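I opened a fresh page for this chain. The plan is to look up a few places and write down what I find.

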Amino acid sequence: MQPKIMMKKKNISASKASLVLFLCQMISALDVPLDLSQPPTITQQSPKDYIVDPRENIVIQCEAKGKPPPSFSWTRNGTHFDIDKDAQVTMKPNSGTLVINIMNGGKAEAYEGVYQCTARNERGAAISNNIVIRPSRSPLWTKEKLEPNQVREGDSLVLHCRPPVGLPPPIIFWMDNAFQRLPQSERVSQGLNGDLYFSNVQPEDTREDYICYARFNHTQTIQQKQPISVKVFSMDSLNDTIAANLSDTDIYGARPVTERQPVLLTPTGSTSTKVELRGNVLLLECIAAGLPTPVIRWIKEGGELPANRTFFENFKKTLKIIDVSEADSGNYKCIARNTLGSAHHVISVTVKAAPYWITAPRNLVLSPGEDGTLICRANGNPKPSISWLANGVPIAIAPEDPSRKVDGDTIIFSHVQERSSAVYQCNASNEYGYLLANAFVNVLAEPPRILTPANKLYQVIADSPALLDCAYFGSPKPEIEWFKGVKGSILRGSEYIFHDNGTLEIPVAQKDSTGAYTCVARNKLGKIQNEVQLEIKDPTVIIKQPEYKVIQRYGQVSFECIIKHDSTLLPTVIWLKDNDELPDDERFLVGKDNLTIMNVTDKDDGTYTCIVNTTLDSVSASAVLTVVARPNPPFDLELTGQLERSVELSWIPGDENNSPITNFVIEYEDGLHEPGVWHYQTEVPGTQTTVQLKLSPYVNYSFRVIAVNEIGRSQPSEPSEQYLTKSANPDENPSNVQGIGSEPDNLVITWESLKGFQSNGPGLQYKVSWRQKDVDDEWTSVIVANVSKYIVSGTPTFVPYEIKVQALNDLGYAPEPSEVIGHSGEDLPMVAPGNVQVHVINSTLAKVHWDPVPLKTVRGHLQGYKVYYWKVQSLSRRSRRHVEKKILTFRGNKTFGMLPGLEPYSTYKLNVRVANGKGEGPASPDKVFRTPEGVPSSPSFLKITNPTLDSLTLEWGSPTHPNGVLTSYVLKFQPINNTHELGPLVEIRIPANESSLILKNLNYSTRYKFYFNAQTSVGSGNQITEEAVTIMDEAMASRQVDIATQGWFIGLMCAVALLILILLIVCFIRRNKGGKYPVKEKEDAHADPEIQPMKEDDGTFGEYSDAEDHKPLKKGSRTPSDRTVKKEDSDDSLVDYGEGVNGQFNEDGSFIGQYSGKKEKEPAEGNESSEAPSPVNAMNSFV
């Protein structure tokens, strides 16, 4: 039993839990086992004031226990009630409970009275309380004639209910004919007596169905009063009536609804008294009349209203104090106040008290020769009187017992004997009630008994109190001792608490407290012992508690609840929402250690609690879920303070949905010009709910408000009422006014029209004015409709005009507009630039000069000059190509420009034209110029064939772009040993007309690298590179064949091939990571001394080259299968010097950017010896 008690008391501290258990077991220790003789004890009885339903049988309860079992008898109204003589009354078997049969003909009224039950056996008699039986009553309303209530607006009114007297009193409420409760407020409310009070009546109070209902809960019946009619006369209707009947409009005509200061309707007078009993609910009421409606306030004179027990009801007209005590006596003042004054009433409250126990008498179990006392102490106001009875008879006339002595509220027993056993009754009474208690004296001689079951197992959580029970009985009262283990020593010390009821308490049980404990009970008649077991369990702990979560609506959220518990205990996890069960919703998913909520909605907001229960303990942890969403739209938009150019807009914010509103956006609709289109007006902070809006004339405004929080924007509010502003002159003129001719003889004037709300009124038009600039002309004006363009015809070609456009409407003109300058239409330029000169700077760049044309001949806005140029012939080749003209545009009034990207050793032509907005003028005469020779491009290919022991055959193609007359070819080559080191460099010059060469006297089985380029008189062009290998001698080849046929060699070659493959993979990975290899470092260290850098001082540019083609061959590289290296033909391309198709220039016409070509560094002469590679290396190097 003890663990269950601890579970139920999980929210009580350890010390309080121990005390509760101690008190419970103390009572049980005094209970005499039912197998021993004992006087009767009343265990159940009906309430003192017993109101019964007259339609049902009356059951008067009286149950008792004793040994031997007691017999029962009843008195009615102080005399014996012989139930055998009344056929309607029966007593239940083995019980004293009476059943009065009403449903079979009996009448409840006939059995009204005061009943008392007596339970008696050979050791005494116990009696019940006086039970007053009264049938409930629900009488009908007496018929009465109700006159209609006619009352003037603003006056007070009381509608009396006066319900019939019922038992118990009925519950009163007011409804109409439709059974709808009448609305109540500070102005209209129901009093504690059931009357309906109007502090002041209003026209809407007029109705004919004010009905008072009385509900009798005991009989489940409702009685209805006849409807009451109320008619409220307003002052206007009252004046009309008097004027029609009396023809005297002055009587009431000047009298409006009169405001009145408060007057109390209930209670009347300035003071009253109230008596209430201790423990009851104190209700004080003040209802006042007045206009405006008074507000009620309560104070306690000389003190404060009791905190936590004071409540205000019925719109503060009722003061409610629960569980009153004598300290609540005093003067309570209600104050009714309105703008005209106040009224007050003082209620003097006296708290009386029916008797209540201080010490109720307890049963005594004594052994022969022992002493004892019965104490009966009670209090009340007034103080109750104490009287004693013995076995239901006043003790003064009861049989004498020499062992007892009565001393006021105490009976003293000395040297009792078995005949001293009896039941004593203590009666404490005053004018407000009585208390009756039975307590027996039972004289027994019994050896000790232990009532706790043997070997009972107690399981307790570590660090909490352990209470080991040793319920006992014996007479005389046994002494109790506790031992740990079978042969342990007696338990003593501060670490244990020994309770009088035999319980051993270990305040802080630890793991080492586990074991067997023995309880020993002994008195002079004997000794007995009992053993119980104690187990200490690890506490249940939530190691991962749920955490506070903020989630957007329709999202998903999870709460964790991970626990640690004793392995022998089986935990159960329960989730609660707001201390109630989770909703029955499939969105809530309860896992082993979490709670997941899918598709979260607003109603999911709240506190979620994880409760972990075992048979011994319970722990819980809670977290709050806040569901946030976009705010609800504002509502109740209202326009106030309407002026011609402004209005005040106010609104009520919608629900912010747990995310504060940061700002409100106000939008407007112009129902006159753009219905259905909403425009941004302004925005205000989220704490502001009004805004002053600036308005434009002649706009039919509607406004709406959008609330914004961190989650997003709300839906727009409902539109406000419409507000049409008055018309006015336009405030502004069209913007972006321009004058540009589309033809040589016209002027097109354009502008951006005003928007609808900018017109400020109906009839929007534009006044367009123009005159020729710098000519003494008058303004020419025309008024046009609401358009955005006007064309002036017959103008001179490209002359400036002053232009202005002014808005006007039916009410007048806008302010004077500002003037803009425009031009009539352009025509093609008339003359070509003259004195065109060309200065060739180098083989790819030339500078052209010209004289500007007179501005008058441009006949438009000068756009710039265009240079057309094209190649006529390449002097180094006879074939002619398709002529492709190229154009460079030089903006503004330029007189020179640079021509980049020319081909060396070629003939070019060019001409120059002036351009305006209309187009280009005539071309200047063609100018012919030539470019000098340049360095050639690289040979088109280099192919190495026919390898022998000591020779290689080289074949090549001439450069694609000779850029002059070829003078020779230059061939350089050097050997590469097996460590990729470069040998001595050999150079050979070859006539320009040759296309092949056989190199002899080379080393056998040796790799060579070749560098090959062409030359003109200007210098050397870009080189191409190639590598090749001479073959081995025949003897070595023969030996190689013999070895290759051997199995061991084939296996060795396979292993070497596998190693080389692994090395290639490693090299490839390192190369991708940016690794640098020794071959490249050695090649970069040998520069070609004959490769010329770009000449920067004379402005010439080197050719582009492919840097990859000039790098020495890296380890593992392979040449193409046809042993050739080709350069792709490059088209004649221009780096853009001018604008338009081909390029642009700087302000001074110089070329933007540089041409620079990267050339292969020549390998330096080396002294390293050239080693012949091994046969394996040769085979892996040569393809």
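The entries below go from the whole chain to single residues.

**Whole chain**

I am working with a predicted model. I began with the fold elements. The protein chain has eight helices and 86 strands. Next I looked up burial. Of its 1183 residues, 44% count as buried. The accessible surface comes to about 61,200 Å². Carbon and sulfur atoms hold 51% of that surface. I also checked how far apart in sequence the contacting residues are. Among contacts with a separation of 6 or more, 67% join residues 24 or more positions apart.

**The largest nonpolar core**

I then asked which residues have the most contacts inside the largest nonpolar core. They are I58, I60, W74, I100, Y115 and I133, in a core of 28 residues. Several strands feed this core. Those that give two or more residues are β2 (49-52), β3 (58-60), β5 (71-76), β8 (98-100), β9 (113-121) and β11 (131-135). The most comes from β9, with three residues. The general background is familiar: in soluble globular proteins, nonpolar side chains tend to be buried together.

I picked I58 for a closer look. Leaving out residues up to four places away in sequence, I58 touches V52, L98, V99, I100, I102, A108, Y111 and I133. Two of these partners, I100 and I133, are also on the list of residues with the most contacts inside the core.

**S46**

My next stop was S46, in the loop between β1 (38-45) and β2. Is S46 buried or exposed? S46 has a relative accessible area of 4%, so it counts as buried. The cut-off for buried is under 20%. A polar atom of the S46 side chain lies 2.7 Å from the backbone nitrogen of Q61. Beyond residues up to four places away in sequence, S46 touches V59, I60, Q61 and I131. I60 is also one of the core residues noted above.

**Backbone oddities**

I searched the backbone for unusual geometry. Most residues other than glycine have a negative phi, and most peptide bonds are trans.

I noted two cis bonds. The peptide bond from L167 to P168 is cis, with omega near -10°. P168 sits in the loop between β13 (157-159) and β14 (171-175). The bond from S475 to P476 is cis as well, with omega near 5°. P476 is in the loop between β41 (472-475) and β42 (479-484).

I also noted two asparagines with positive phi. N657 has a phi of about 55°. Its place is the loop between β58 (646-652) and β59 (661-670). N657 counts as buried because its relative accessibility is 6%. N835 has a phi near 55°. N835 belongs to strand β72 (residues 834-842). With a relative accessible area of 47%, N835 is partly exposed.

**A nonpolar patch on the surface**

Last, I went to the surface. Which residues make the nonpolar patch of about 770 Å²? They are L1058, L1059, L1061, I1062, I1065, V1066, F1068 and I1069. I chose L1059 to check. L1059 is in helix α6 (residues 1047-1072). Its relative accessibility is 55%, so L1059 counts as exposed. The cut-off for exposed is over 50%.

Definitions and conventions
Residues numbered from 1 in each chain as written. Predicted model: local features only at pLDDT ≥ 70, side-chain atom pairs only at ≥ 80, totals over all residues. Heavy atoms only, no water. Patch = residues over 30% accessible without salt bridge, like charges linked within 9 Å, V, L, I, M, F, W, Y side chains within 5 Å. Areas by Shrake-Rupley, 256 points an atom, 1.4 Å probe, with all protein chains shown as cover. Salt bridge = Lys/Arg side-chain N within 4 Å of Asp/Glu carboxyl O. Helix = DSSP H or I, 4+ residues; strand = E, 2+ residues; numbered from the N terminus. Buried < 20%, exposed > 50% of the residue type's maximum accessible area, 1.4 Å probe, protein only. Contact = heavy atoms within 4.5 Å. Core = buried A, V, L, I, M, F, W, Y, C linked by side-chain atoms within 4.5 Å. Polar contact = N/O pair within 3.5 Å; in protein donor to acceptor, adjacent residues only side chain to side chain.
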